[in-house]
Amino acid sequence: MQYSYFCPCPRGLEAALAEELQEIAALSRTMSVHNQVPGGVHCSGAMEDGWRINLYSRIASRVLLRMANTSYANENDIYDLVLGTKWEDWFGIHHTIRVDVTAVKSPLKSLEFVTLKIKDGVCDRFRDMYNQRPSVNTRNPDIRIAGFLDARSFTLYLDLSGEPLFKRGWRMETGDAPLRENLAAGLIRTSGWKPGTPLLDPMCGSGTILVEAAQMIAGIPPGYNRSFAFEKLNQFNKNAWQAIKAAVRLNTVTEPQLFGSDISGDMLVMARNNLRNAGIPFEVPLKQIEAQEVKPPVEGPGVVLTNPPYGERIGVRGNSQLDSDEMATAFFSAFSRTLKQRFAGWTVFLFTADLGVPKLLRLKESRKTPFFNGALECRLFRFDMVAGFNRREQAKPQQGAEQAE
């Protein structure tokens, strides 16, 4: 039987997710990838394909199974659709449930009331059939039900993932404002980096970018060591799931070409712990050093991909006597000199919410890709460090003269 799925993702990563889903579909004879929409990608396939996406997708936030769809005029239309859905085929009264609703341009006034009507529809269905109803658990439910409203239609989904997919199960510790894992994976894919190419994160923090890249190198699927909500559904077949996981082929890695550094020793301890928890079978060299002082870890070109600090986080990397604007200017000016003088031939990607970073670096980006980190608008800036920057830098006035300008 074919099912319809919707895979939401961070805004800006729809094309990257569609590309990834095509790669996952290549592992299956029954999966097809359909259209991208703002915030996700539609696809279809057998029940096992939904499981497979949960296992392999680095970029999706969840895998939602479409249960029903209708046009609506009011909340009663939504209740009627929910009440008519055969929930008993999927789970039982002993399961706990949670309902979440999102909307775009819906004329209905209260999403909380819509959420309540969906919950009532599910519970009334079970009460009518069994004279009992499942309990609600908003914190740690067995079953998550999702509703989506646009201006005219309502779609009802069953969440196959449970905890969001960016929760891989390896992160024990984080620093301030860590990147979500699926956003980090999307940045890596958008950069065009592939295993075998040197990759350096000179401000690695707790190591999110490094862990995602290391798992790609090792061939470890992001969902390999966690559980999913679909394992609690009536349709779950443990033997079929074990066969899907048994088909995973890990890579033998001799030279991972992956490197990280950070000024904070505490952050590097977190990064090492996260790499170990993620099952990385090789050593990732981590160095405690200021980003302004880094040198290429290998001969020849590679990729720098990092989420540079902003605001208070620059304080640990600079002179705490300076105010934040001066500190940022001094930090990025020094980092720019390092890139120009030492990283000729490298491609540099900086992911930041500070849209003025190219100006601070005095570099012209070759590409800027918009993303959203939650509600925060960000950019992935690409800089091509061509040979010749170094000679031009040496011909410029020195720092004292620059400051006098």
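**Figure 1. The largest pocket of the predicted model and its lining.** A total of 41 residues line this pocket. Phe6, Pro8, Gly39, Leu64 and Thr102 lie nearest its centre. The volume of the pocket is about 1,200 Å³. Strand E6, residues 143-149, gives the largest share of the lining, with 5 residues.

**Figure 2. Helix H2 and its cover.** H2 runs over residues 47-56. This helix is mostly covered, with 8 of its 10 residues buried. Which residues of H2 are buried? They are Met47, Asp49, Gly50, Trp51, Arg52, Ile53, Asn54 and Leu55. Several elements cover them, including strand E1 (3-8), helix H1 (14-25) and strand E3 (40-45). Strand E4 and helix H7 (238-246) also belong to the cover.

**Figure 3. Arg58, in the loop after H2.** Arg58 sits in the loop between helix H2 (47-56) and strand E4 (64-71). Is Arg58 buried or exposed? Its relative accessibility is 7%, so Arg58 counts as buried. The side chain of Arg58 makes a polar contact with the side chain of Gln215, at 3.2 Å. Leaving aside neighbours within four places in sequence, Arg58 touches residues from several parts of the chain, among them Glu20, Arg168, Glu181, Asn182 and Ala185. Other contacts of Arg58 include Glu212, Met216, Ile220, Pro221 and Pro222.

**Figure 4. The THUMP domain as placed by UniProt.** An unreviewed UniProt entry places the feature "domain: THUMP" at residues 49-160. Over residues 49-160 the chain is 33% helix and 26% strand. The end C-alpha atoms of this stretch are 11 Å apart.

**Figure 5. Two residues with positive phi, Lys105 and Asn131.** Most residues other than glycine have a negative phi. Lys105 has a phi near 60°, a positive value. Lys105 lies in the loop between strand E5 (97-103) and helix H4 (111-130). With a relative accessible area of 72%, Lys105 is exposed. Asn131 also has a positive phi, near 60°. Asn131 lies in the loop between H4 and E6. Its relative accessibility is 65%, so Asn131 counts as exposed.

**Figure 6. Trp346, a buried loop residue.** Trp346 is in the loop between helix H9 (324-342) and strand E12 (347-352). Why does Trp346 count as buried? Because its relative accessibility is 2%, and buried means under 20%. A polar atom of the Trp346 side chain lies 3.1 Å from the backbone oxygen of Gly300. Phe383 is 37 residues from Trp346 along the chain, yet their C-alpha atoms are separated by 8.6 Å.

**Figure 7. The whole chain and its confidence.** The protein chain has 12 helices and 14 strands. Its C-alpha trace spans about 80 × 50 × 35 Å along the principal axes. Of the 405 residues, 53% are buried. Among contacts between residues at least 6 apart in sequence, 78% join residues at least 24 apart. The chain averages a pLDDT of 92, and 91% of the residues score at least 70. Over residues 312-319 the pLDDT is below 50, and this stretch has 18 contacts beyond near neighbours in sequence. Residues 399-405 also stay under 50, with 5 contacts beyond four places in sequence. Where pLDDT is low, the predicted coordinates should not be read in detail.

Definitions and conventions
Residues are numbered from 1 along each chain as its sequence is written. Side-chain values use heavy atoms; hydrogens and water are left out. UniProt positions are given in the numbering used here, feature names are shortened, and annotations may be inferred rather than shown by experiment. Helices (H or I, at least four residues) and strands (E, at least two) are DSSP runs, numbered from the N terminus. Buried means under 20% relative accessible area, exposed over 50%, partly exposed in between (1.4 Å probe, protein chains only). A polar contact is a pair of N or O atoms within 3.5 Å; within protein, one must be able to donate a hydrogen and the other to accept it, and residues adjacent in sequence count only if both atoms are side-chain atoms. pLDDT is the predictor's confidence in each residue, from 0 to 100. Contact means heavy atoms within 4.5 Å. On a 1 Å grid over the protein atoms alone, a cavity is a set of points where a 1.4 Å probe fits but cannot get out, and a pocket is an open set with protein on both sides within 12 Å along at least five of seven lines; lining residues have an atom within 4 Å of a point. Grid points are joined across faces, edges and corners, and a volume is the space filled by probe spheres set on the points.
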